[in-house]
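Got your viewer open and a selection tool ready? Let's take a short walk, one stop at a time.

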Amino acid sequence: MPKRTENLGRSEFKFLLKAIVLEPCDVTCSDGSCYIGEFKYGVKHGLGCYHFRNGDRYDGEYFGDKIHGFHFSFVRSAIEAAKKHVHGAITTTFDPKAISASSKSPIFIVDLGCSTGPNTFIAIQHIIEAIQTQYQSHNLPTPEFQVFFNDQFSNDFNTLFQKLPPNRNYFASGVPGSFHGRLFPRQSLHLVHSSASLNWISKLPEEISDRDCGAWNKGRIHYACASREVVEAYEKQFYMEFDTFLNARAEEIVSNGIMALQIACAHEGIDVHKDLYPGKDFDLLGSCFMDMAKLGLVSEEKVDTFNVPIYFPHLKDLKRKLESNEDFIIEKMESLEAKIQLVPNVEMYVSHRRAALEALIEKHFGEGVVDELFGRYTNKVKEFPEMMDLQNLKLDGLFVLLKRRLHP
Ligand SMILES: C[S@@+](CC[C@H](N)C(=O)[O-])C[C@H]1O[C@@H](n2cnc3c(N)ncnc32)[C@H](O)[C@@H]1O
């Protein structure tokens with residue numbers, strides 16, 4: 001692995017690295033900051049870690065020198081924390097003989113809500129390594145792997161395909177469409193994975209945009225900090241879609257096949273009206289929209305009908321839901337001990353938020369709103385820097401391993 005530690009000014013930084021294409025490298029800049037990670041065409045591109053002069057660090061993904069994608073440190077930390085759970089769970093639960101996959105037929109794996117990488121590649125690699133260990137321990141030849149990467153139609157699959165690990169040991173395909181419906185033929189999947197995706201709901205409850213309804217979410221863009229009726233409408237929608245999700249997977253997964261899910265859950269006992277951290281953040285963003293409405297930059301009606309389709313279930317409610325499911329057995333259910341890293345500065349924090357919400361906002365408001373909105377939001381985050389302290393998150397990453405009961 002090439003390793004280079006040099007004293008570079010920021011402007012020299014790109015130029016000197018021009019010759020390096022997707023190779024890991026260490027670079028120390030003259031201001032004392034340092035980047036260790038992948039480069040392409042002389043810029044930060046791929047996975048990297050930036051160590052700032054003040055001791056902060058950003059671990060994440062770069063695309064064309066910019067931080068890319070919805071990769072909160074929380075999500076990445078949860079994936080790293082899940083590695084041992086996934087490995088342990090697969091080696092105790094995934095039985096090559098019981099799933100009746102012969103060494104000649106491939107193992108079919110899907111990552112639901114994969115985004116554009118790279119977290120999905122890391123998760124898939126962990127899964128494949130664990131399955132290989134299983135086959136070796138049964139003295140069976142290692143099978144071939146077919147991996148499906150699923151996300152919404154709007155996902156940037158081209159970026160995902162461009163970033164596929166070049167030396168991967170699996171065949172890869174993209175499968176667009178909502179995981180709240182059927183995506184695969186009956187009894188065709190051996191292992192289903194999904195991380196940080198099931199918190200998204202496919203459809204917002206209609207009543208929250210209806211001015212004649214008690215659940216009308218006027219002046220807000222999320223259920224946290226909103227009225228009880230709004231919270232209940234989101235909750236109802238989440239569990240309705242979660243049922244649809246489980247029903248679809250029950251059809252698609254083979255008998256004894258497994259499903260590993262990571263879902264962010266609200267801490268027990270917190271009051272979503274005031275304590276749910278992402279809610280406070282959405283409230284801040286919502287207040288920027290309201291300021292823009294007052295200035296006539298967006299219509300108030302548009303703001304009142306815009307809501308972020310994300311729900312964080314309470315752990316005990318989710319557990320109850322899963323326990324009552326007749327198609328799956330819960331093999332494991334554990335909280336992930338994710339080490340949350342600090343977001344080093346306001347710009348990075350805002351760029352994460354923007355990457356996650358930009359498409360949603362443009363779809364509702366049209367083009368030309370996001371720059372103004374996130375400019376205002378940046379100023380507000382500077383006013384309330386406690387927003388960036390992910391230690392206040394009040395979310396638990398829940399790891400659940402489900403096994404498909406025998407099909408009749
Ligand atoms: C927070 S990202 C998580 C990405 C990746 N799994 C990870 O752990 O970094 C959530 C992803 O789920 C996708 N998603 C949300 N709802 C979905 C649905 N109904 N069907 C398929 N993908 C969905 C989003 O498009 C987004 O890419």
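**Stop one: Val 230 and the core**

Start by selecting Val 230: leaving out residues up to four places away in sequence, Val 230 touches Ile 208, Ala 215, Asn 217 and Tyr 223. Keep in mind throughout that you are looking at a predicted model.

Now add Ile 109, Ile 127, Met 259 and Phe 289 to the selection. Together with Val 230, these are the residues with the most contacts inside the largest nonpolar core, which has 83 residues. Which strand gives the most to this core? Colour residues 253–266 to find out: this is strand β11, and it gives 9 residues. As background, nonpolar side chains in soluble globular proteins tend to be buried together.

**Zoom out**

Show the whole protein chain as a cartoon, and you can trace 10 helices and 13 strands. The chain has 408 residues, of which 39% count as buried. If you draw contacts between residues at least 6 apart in sequence, 71% of them join residues at least 24 apart.

**Stop two: β8 and its partner**

Next, select strand β8, residues 145–151, and then strand β9, residues 171–176. The two strands pair in the parallel sense, over 6 bridges. To see one of these pairings, pick Asp 151, whose bridge partner in β9 is Pro 176. Add helix α4, residues 157–162, to the view, and you have a right-handed β-α-β unit made of β8, α4 and β9.

**Stop three: Gln 146**

Stay in β8 and click on Gln 146. Is Gln 146 buried or partly exposed? Gln 146 counts as partly exposed because it has 18 C-beta neighbours inside 10 Å, while a buried residue needs 20 or more.

Show its surroundings next. Setting aside neighbours within four places in sequence, Gln 146 is in contact with Pro 106, Phe 108, Tyr 170 and Phe 171. Try a distance label between the C-alpha atoms of Gln 146 and Phe 108: the separation is 5.0 Å, although these residues are 38 apart along the chain.

**Last stop: the ligand**

Finally, centre on the ligand, which 21 residues surround. Select Gly 113, Ser 115, Asn 119, Ser 197 and Trp 200 to highlight the closest ones. Which elements each supply at least two residues of this shell? They are α2 (73–93), α3 (119–137) and β8, the strand you have just visited. Colour the shell by residue type, and you should find 13 polar, 7 nonpolar and 1 charged.

How values were computed
Residues are numbered from 1 along each chain as its sequence is written. This is a predicted model: local features need pLDDT of at least 70, side-chain atom pairs count only at pLDDT 80 or more; totals for chains, interfaces and linings use all residues. A residue is near a molecule or strand if its C-beta atom, placed from the backbone, lies within 6 Å of it. Helices (H or I, at least four residues) and strands (E, at least two) are DSSP runs, numbered from the N terminus. Ala, Val, Leu, Ile, Met, Phe, Trp, Tyr, Cys and Pro count as nonpolar, Asp, Glu, Lys and Arg as charged, and the others, Gly among them, as polar. Two strands pair if DSSP finds at least two bridges between them. A crossover is right-handed if, with the strands pointing away from the viewer, the path from the first strand over the helix to the second runs clockwise. A nonpolar core is a set of buried Ala, Val, Leu, Ile, Met, Phe, Trp, Tyr and Cys residues joined through C-beta atoms within 7 Å. A residue is buried if 20 or more other C-beta atoms lie within 10 Å of its own, exposed if 12 or fewer, and partly exposed in between; C-beta atoms are placed from the backbone. Two residues are in contact if their C-beta atoms, placed from the backbone, lie within 7 Å.
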